[in-house]
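Work through these exercises with the model open beside you. Try each task before reading its solution.

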Amino acid sequence: MSGPVYNRVALIGLGLIASSMFWAMKRSGLAGEVTGYARSAETRDTAREIGLCDHVCDSAAEAVKDADLIVLCVPVGAMEQVTKDIAPHLMAGATVSDVGSVKRAVIDAVGPHLPSNVHFVPAHPLAGTERSGPTSGFAELFDNRWCLIVPADENTDADAVAKLSELWEKMGSKVDTMDADHHDLVLCVTSHAPHLIAYTMVGVADDLQRVSEQEVINYSATGFRDFTRIAASDPTMWRDVFLNNKEATLEILGRFTEELFALQRAIRTGDGDHLHDYFTRTRAIRRGILEAGQDVDVPNFGRNATKD
Ligand SMILES: NC(=O)C1=CN([C@@H]2O[C@H](COP(=O)(O)OP(=O)(O)OC[C@H]3O[C@@H](n4cnc5c(N)ncnc54)[C@H](O)[C@@H]3O)[C@@H](O)[C@H]2O)C=CC1
Ligand SMILES: O=C(O)C(=O)Cc1ccc(O)cc1
């Protein structure tokens, strides 16, 4: 243990990411004290029962008082309202961060409401599961996973960025920095569009009248099972991701449908070479991921958790 990075951390929204951050900070003594706030009384009660946060507050204002780091851990669409609620109560010199899956829209929604005497350092841990709520988190979630720091602008305080990077590294992550627009395009390719495709495939299975639900359950092969895991992710969170990363999502979906039509045509016309070449190219991507040591399976911690 190397001592706390922050004296008082406030977590706003107590779901998968906030609870994992709390356990990861506890594991290595990274915060002197952690306060938490969630909108629903039920979530706050659950948090108190399981010892999530040193102190669970009944208002966001109370949670952020005297905090030198405040992390917004709510769905992307709720970031603006939460910021308005906490802005008058922030300590001068504090750092405000977030963990939203989309960065440009969050920067535009949060930034204008913050007083000029706090630092705004957005971040995005590339780690998660399909679970949500206060009981779903676990200390190991961020181990060996990337966390992208996405400074709001070029004037962002370098010390504030370095300190937040130190926290994420000590919570187990590998840290990189990235521009917000580029982040949203990259994450659309690697996370947002794949989630949408998984939602669609499971929806198609559900909609097929000639295949029963029981058959889908009994005979689902590994690929479809992976889709169902992803398609079980929180509806509010993912609604907000797509509504707030519209441009990149529409661009990537356009490309996706073009490729899908080309594969459809190859199947209809019996163009085996097209299919074979395509699948050879995609296999190389998978091999690249394995060679780079990026194939980190989601551990089975917290799998019995339910939604708050
Ligand atoms: N779930 C995942 O795999 C990942 C999620 N993220 C991002 O992290 C953020 C939090 O996600 P999770 O922890 O998974 O969500 P979650 O659903 O587990 O928790 C969200 C929390 O925010 C609270 N909340 C919702 N609306 C609110 C509002 N209007 N005002 C105040 N509190 C509100 C909920 O009650 C809950 O405590 C999201 O922005 C998401 O995009 C980032 C990386 C991975
Ligand atoms: O569970 C999965 O497969 C994920 O992809 C988790 C995830 C979801 C959203 C993010 O912004 C980052 C990671």
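## Exercise 1: The six-stranded sheet

In this predicted model, the bridge partner of Thr35 in S3 is His55.

Task: Find which strands Thr35 and His55 help to join, then place S3 in its sheet.

Solution.
- Step 1. Start with the pair. Thr35 has His55 in S3 as its bridge partner.
- Step 2. Look at the strands. Strand S2 (residues 31-37) and S3 run parallel and are joined by two bridges.
- Step 3. Widen the view. The open sheet has six strands, in the order S3-S2-S1-S4-S5-S6. Its pairing is parallel.
- Step 4. Go to the edges. Strand S3 (55-56) and strand S6 (119-120) are the edge strands, and each pairs on one side only.

## Exercise 2: The three-stranded sheet

Task: Give the order of the open sheet of three strands, and say which strands stand at its edges.

Solution.
- Step 1. Read the order. It is S7-S8-S9, and the pairing is mixed.
- Step 2. Find the edges. Strand S7 (123-125) and strand S9 (174-177) each have a single partner strand, so one side of each has no neighbour in the sheet.
- Step 3. Check the turn. On average, neighbouring strands of this sheet are turned by 20° against each other, direction ignored.
- Step 4. Take one pair. Strand S8 (residues 146-149) pairs with S9 in the parallel sense, over four bridges. Leu148 stands opposite Asp176 in S9.
- Step 5. Add the helix. Helix H6 (residues 158-170) packs on the sheet and touches S7, S8 and S9. The direction of H6 makes about 170° with that of S8.

## Exercise 3: Two helices that cross

Task: Describe how helix H7 (residues 180-207) and helix H9 (residues 222-231) pack.

Solution.
- Step 1. Take the geometry. The angle between H7 and H9 is about 110°, and their axes are 8 Å apart.
- Step 2. Name the arrangement. Angles of 65 to 115 degrees count as roughly perpendicular, so H7 is roughly perpendicular to H9.
- Step 3. List the contact. H7 brings His195, Ala198, Tyr199, Met201 and Val202. H9 brings Phe227, Thr228, Ile230 and Ala231.
- Step 4. Sort by class. The contact of H7 with H9 has seven nonpolar, two polar and no charged residues.

## Exercise 4: Two domains

Task: State how many residues each domain gives to the contact between them.

Solution.
- Step 1. Set the bounds. The domain assignment gives domain 1 (6-178) and domain 2 (182-291).
- Step 2. Take the distance. The centres of the two domains, taken over C-alpha atoms, are separated by 30 Å.
- Step 3. Read the contact. Domain 1 gives 14 residues and domain 2 gives 16 residues.
- Step 4. Sort one side. Where domain 1 touches domain 2, domain 1 has seven nonpolar, four polar and three charged residues.

## Exercise 5: Two ligands

Task: Work out which helix supplies the largest share of the shell around ligand 1, then turn to the shell of ligand 2.

Solution.
- Step 1. Size the first shell. Ligand 1 is surrounded by 29 residues, and the closest are Gly13, Gly15, Ala78, Gly128 and Ser132.
- Step 2. Compare helices. Helix H1 (16-28), helix H4 (79-86) and helix H10 (235-244) each supply at least two residues. H1 has the largest share, three residues.
- Step 3. Sort by class. The shell around ligand 1 has 15 nonpolar, 11 polar and three charged residues.
- Step 4. Check the domains. Domain 1 and domain 2 each give at least three residues to the shell around ligand 1.
- Step 5. Move to ligand 2. Ser101, Leu126, Ala127, Gly128, Thr129, Glu130, Ser191 and Ile230 surround ligand 2.

Terms used
Residues are numbered from 1 along each chain as its sequence is written. Chains are lettered from A and ligands numbered from 1 in the order in which they are written. This is a predicted model: local features need pLDDT of at least 70, side-chain atom pairs count only at pLDDT 80 or more; totals for chains, interfaces and linings use all residues. A residue is near a molecule or strand if its C-beta atom, placed from the backbone, lies within 6 Å of it. Ala, Val, Leu, Ile, Met, Phe, Trp, Tyr, Cys and Pro count as nonpolar, Asp, Glu, Lys and Arg as charged, and the others, Gly among them, as polar. Domain bounds come from an automatic or database domain assignment. Axes are lines fitted to C-alpha atoms, for helices over the stretch in contact, and angles run from 0 to 180 degrees between N-to-C directions. Angles under 35 degrees count as roughly parallel, over 145 as roughly antiparallel, 65 to 115 as roughly perpendicular and the rest as oblique. Two residues are in contact if their C-beta atoms, placed from the backbone, lie within 7 Å. Two strands pair if DSSP finds at least two bridges between them.
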